[in-house]
Amino acid sequence: MRNKLKVLRAERNWSQAELGKLVGVSRQAINAIEKGKHHPSLPLAYKLADLFKLQVEEMFLRDDPP
Amino acid sequence: MDSSDTNYQARANIGVGASLGAVIGALIAELLSDSSLVVILGAVLGAGLGAAVGSRLRSQAPQFLWIEYPREVGRRLILSVSAFLALFIPSIYSIKAGATLALQILLLSATSISGLVLILIIGTIISQLDDLLRKIQLEAIAIGFGLSAFIVLTLGLLGLAIPIRSNPLLTFIIMLASWLLGRLVVAWRYR
């Protein structure tokens with residue numbers, strides 16, 4: 001699964017720590033999600049999507065679409 | 001992260017480093033010698049070394065080793081570990097010094113209860129962490145459990161063939177070291 005988190009964060013000029021604070025997770029969690037090493041839980045994915053005013057499926061993209 | 005958070009993390013790293021260092025130092029000294037003075041020296045040396053490592057962790061360690069736990073989580077962990085240590089060390093000395101049976105039972109009971117409280121607090125803390133930090137801790141515990149079970153079993157089997165100086169504290173050191181190793185491995189994986 002890929003995601004647009006790094007691009008969206010960069011557009012707003014936020015650091016990983018700042019974004020982490022906004023959605024209530026650690027800097028490490030944001031870093032791991034951006035690098036694709038960790039997939040967020042559904043509640044966190046919705047929090048991130050709400051923050052960037054996007055749908056979850058617009059932020060998180062499947063590698064193997066049906 | 002603002003400067004108060006950074007200062008807090010630096011203090012927490014020193015506190016956790018000193019506490020862990022004191023325990024490891026005291027336990028290793030206790031394995032090597034029966035002298036109380038050596039154990040105290042081991043604890044002091046371990047605390048100093050742990051504090052030094054903790055104070056350097058923030059500025060010089062690779063970034064993947066920085067785990068920034070929420071302030072309240074760090075505070076509760078340091079308080080519960082300190083309370084456990086404050087009872088654990090005197091209870092060992094009460095046995096070594098040949099204190100009255102009543103005092104030994106009192107101290108050992110208090111240590112056991114504080115150990116139980118520590119386990120409950122660690123469980124609560126893990127459940128309150130975010131997705132990734134919880135995953136890191138649980139994977140580290142799983143690796144630590146598997147590795148320590150393997151080492152203890154191997155030592156036990158080896159003990160059947162050749163005499164090994166038995167010490168119940170050795171198991172604790174092996175568990176602690178295995179968890180630390182697991183923690184490093186998992187932190188590297190999610191760096």
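**Entry 1: burial in chain A.** I looked up how much of chain A is buried in this predicted model. Of its 66 residues, 42% count as buried. I then turned to the surface that chain A exposes, which is about 4000 Å². Carbon and sulfur atoms supply 53% of that area.

**Entry 2: elements of chain A.** I listed the secondary structure next. Chain A contains five helices and two strands. I noted their order from the N terminus as β-α-α-α-α-α-β; in this order a strand stands at each end, with the helices between the two strands. I also checked the contacts in chain A with a separation of 6 or more, and 57% of them come from residues 24 or more positions apart.

**Entry 3: two helices of chain A.** I asked at what angle the axes of α2(A) and α3(A) cross. Helix α2 of chain A covers residues 16-23, and helix α3 of chain A covers residues 27-34. Their axes come within 8 Å and cross at roughly 105°. Angles of 65 to 115 degrees count as roughly perpendicular, and therefore α2(A) is described as roughly perpendicular to α3(A).

I recorded the residues through which these helices meet. On the side of α2(A) they are Gln16(A), Ala17(A), Leu19(A), Gly20(A) and Val23(A). On the side of α3(A) they are Arg27(A), Ile30(A), Asn31(A) and Glu34(A).

**Entry 4: chain B as a whole.** I repeated the survey for chain B. It has six helices and zero strands, so I wrote its pattern along the sequence as α-α-α-α-α-α. Of the 191 residues of chain B, 36% count as buried. The accessible surface of chain B comes to about 10900 Å², and 76% of this surface belongs to carbon and sulfur atoms. For contacts in chain B with a separation of 6 or more, residues 24 or more positions apart account for 76%.

**Entry 5: helix α5 of chain B.** I examined one helix of chain B in detail. Helix α5(B) runs over residues 131-161 and has 31 residues. From its first C-alpha to its last it reaches 46 Å, close to the 45 Å expected at 1.5 Å a residue.

Which residue caps the N-terminal end of α5(B)? I found that Asp130(B) does so, with a side-chain oxygen 3.0 Å from the backbone nitrogen of Leu132(B). Leu132(B) also appears among the buried residues of α5(B). The others in that list are Asp131(B), Leu133(B), Ile136(B), Gln137(B), Ala140(B), Gly144(B) and Ser148(B).

Definitions and conventions: Residues numbered from 1 in each chain as written. Chains lettered and ligands numbered in written order. Predicted model: local features only at pLDDT ≥ 70, side-chain atom pairs only at ≥ 80, totals over all residues. Heavy atoms only, no water. Helix = DSSP H or I, 4+ residues; strand = E, 2+ residues; numbered from the N terminus. Buried < 20%, exposed > 50% of the residue type's maximum accessible area, 1.4 Å probe, protein only. Contact = heavy atoms within 4.5 Å. Areas by Shrake-Rupley, 256 points an atom, 1.4 Å probe, with all protein chains shown as cover. Expected span 1.5 Å × (residues − 1). Polar contact = N/O pair within 3.5 Å; in protein donor to acceptor, adjacent residues only side chain to side chain. Axes fitted to C-alpha atoms, helices over the stretch in contact; angles between N-to-C directions. Parallel < 35°, antiparallel > 145°, perpendicular 65-115°, else oblique.
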